[in-house]
Amino acid sequence: MILSAENLSRSYGDRVLFKNISFNVEEGDKIGIIGVNGTGKSTLLKMLAAHDAGGGKLTIPGNVVMEYLPQDPPFEPGATVLEQIFKGDSPLMVLLRRYELAVEAMNGAPDDVRLQKELLQLQQEMDDKYAWQLESEAKAVLNQLGITNLQQKMGELSGGQRKRVALAGVLVRPSDLLILDEPTNHMDNATVSWLEQLLLKHKGALLMVTHDRYFFDRVVNRTLEIDNGQGFLYVGNYSLFLQKREERRIAEASVAQKLRNIYRRELAWISRGAEARRTKKKDRVERFAQIEAEVKNVQTENTLEMSSVSSRLGRTVVELEHIGMVYEGRDYIKDFSYILLRNDRVGIVGPNGAGKSTLMDIIAGKLAPTSGQLTVGQTVRIGYFSQHSEFPDSEQKVLEYIKEVNNYIDTADGTRISAAQMLERFLFPPELQWVPVNKLSGGEQRRLYLLRVLMSAPNVLLLDEPTNDLDIPTLSVLEDYLDSFAGAVIAVSHDRYFLDRFANKIFAFQLDGRLKPYIGGYTDYVEATAAKAEPLPVKEAKAPVKEEPKPVNKKKLTYSEKIELENIDQEIARTEAEIKMLGLEINGCGSDFVKLNDLSKRQEDAQQRLDALVDRWAYLSELAEQEANE
């Protein structure tokens, strides 16, 4: 046994993260922890690394060596990369640090006899303790993680680079148990695949939190779920976990329903008149009190909901013509042209530092390209979910932060929902809505930031690494949301599962700054590049639309067009309602194929009318906006 945890609990004030969680870690175990952000996944890892039993019992044999990678690893700004890697008090780590320092000193004074003798002695000790392999392994791992300057100071590195250095340290230092918190954050797809293979070959035990579902599926052999403060352990990877969890929830729902049925019968019995109450048996009255307490304690499942919210999109969406970005003599983006279509689902991949976020900033209008032209349609409303959550005032309350964007939103099904109600759908109960933003966990802050973006009712979504720090349940709901989102989506992501799930085309950054497009998701892209398949032409033609004849040099709306614009929203709403009603009739017509055929034809005609109305609305709206800007 490597570790035994019994009845671990953690609370912050009145907020219970988890209670009485118990599990063991045996040799060869690779355990993944899953749960909604804010349930205490990172807290649990931190407790184990610190030998904190949280009021329970934690048993770790004295000879067990653990290495821990937190989400934000501590570092010494003045330490070099190699010094950070070889930190620790074990004799081997001390020896490696002494040797690296001696080599560095010798480079500055090659003729110093004292240093020569010291280096020879250290080399002999390295031989005796077989330390050379560890040193070369550390350098190989760092190189694989994109860290090549081993003498660079930690304070000079970016946050992502520091995380990769910390990861390299825990991977090369000998250990019996690796505890990893989101190890794939800030990694490109190729590096994630490399890490996946490395952990599969790792002989020690593994306990980790990760949002990467392919990574989870391929590495993990046991799954610990934290749900409503309880821990549930399953044998198997992510795919098996989904199946077993559904079985558990069905069984729990059945038990809860039976308990409620018993409670209703006992309530009817206990509610009889005063004369009958005097004859009731004491033990049955006591049993009723017990059943009533159990019914009240039955947890209703909290599920995240995202309602499709958007504003109407006109004919012109986003057009990029020969876009280029040069910085310090390097082409980050070179001659990129693309016409974004209304319902596009585009994934962007490439190595770290290739220019993916730069391209997103250009499309969002936050950065001007050094060459080329960007055209954004008049009706486009961009929602930009960037890598870094934006909280200008961290003391601001959760509800105030959302209300800054919108007090209410109208969903696709015609429902009006308040900011407070949307927060509840995003698993922020009323008591959490008045908490300062800086009191939320990192994952909760990312979920809150996502809600703020969606509350702006965008019709074009830009998602830059949306899977960083978002939990798997939230990612699953986000993917379902994108299925019904009535607009275009562009996402930069290293999450292979996410790209396979949402994208219908992939743009891949090349070494020279050019982008090559491929049809399909991430797996299709990998297969195409492996087969050296020819990519699609870079520039796509616009989807066929019904062109509205435009009068020559027309600048203003006529009176009749103004009246038409005022009434067209109602006509669009009526047509949308007609399509919805026809859909309901289609679902209910059973095996009446004559009726089914007639309804389907009527629905198709209505959809064509709706498309024409939306095109007309877009044309009139653009004219109105031009007139207003004159």
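**Briefing: one chain, two positive phi values**

About 31,500 Å² of the chain is exposed, with carbon and sulfur atoms supplying 50% of it (accessible areas are Shrake-Rupley with a 1.4 Å probe, and for residues only the protein chains shown count as cover). Heads-up: this is a predicted model, where local features need pLDDT of at least 70, side-chain atom pairs count only at pLDDT 80 or more, and totals for chains, interfaces and linings use all residues. Residues are numbered from 1 along each chain as its sequence is written, and side-chain values use heavy atoms, leaving out hydrogens and water.

**The chain overall**

- You get 20 helices and 20 strands here, taken as DSSP runs numbered from the N terminus (helices H or I, at least four residues; strands E, at least two).
- The chain has 630 residues, and 47% of them count as buried (under 20% relative accessible area; exposed is over 50%, partly exposed is in between, with a 1.4 Å probe and protein chains only).
- Take the contacts (heavy atoms within 4.5 Å) with a separation of 6 or more: residues 24 or more positions apart account for 68% of them.

**Backbone oddities**

- Most residues other than glycine have a negative phi.
- Aspartate 335 has a positive phi, near 50°, and sits in strand β11, which covers residues 330–340.
- Aspartate 335 counts as partly exposed because its relative accessibility is 40%.
- Leucine 427 also has a positive phi, near 65°, and lies in the loop between α14 (419–425) and α15 (442–455).
- Leucine 427 has 18% relative accessibility, so leucine 427 counts as buried.
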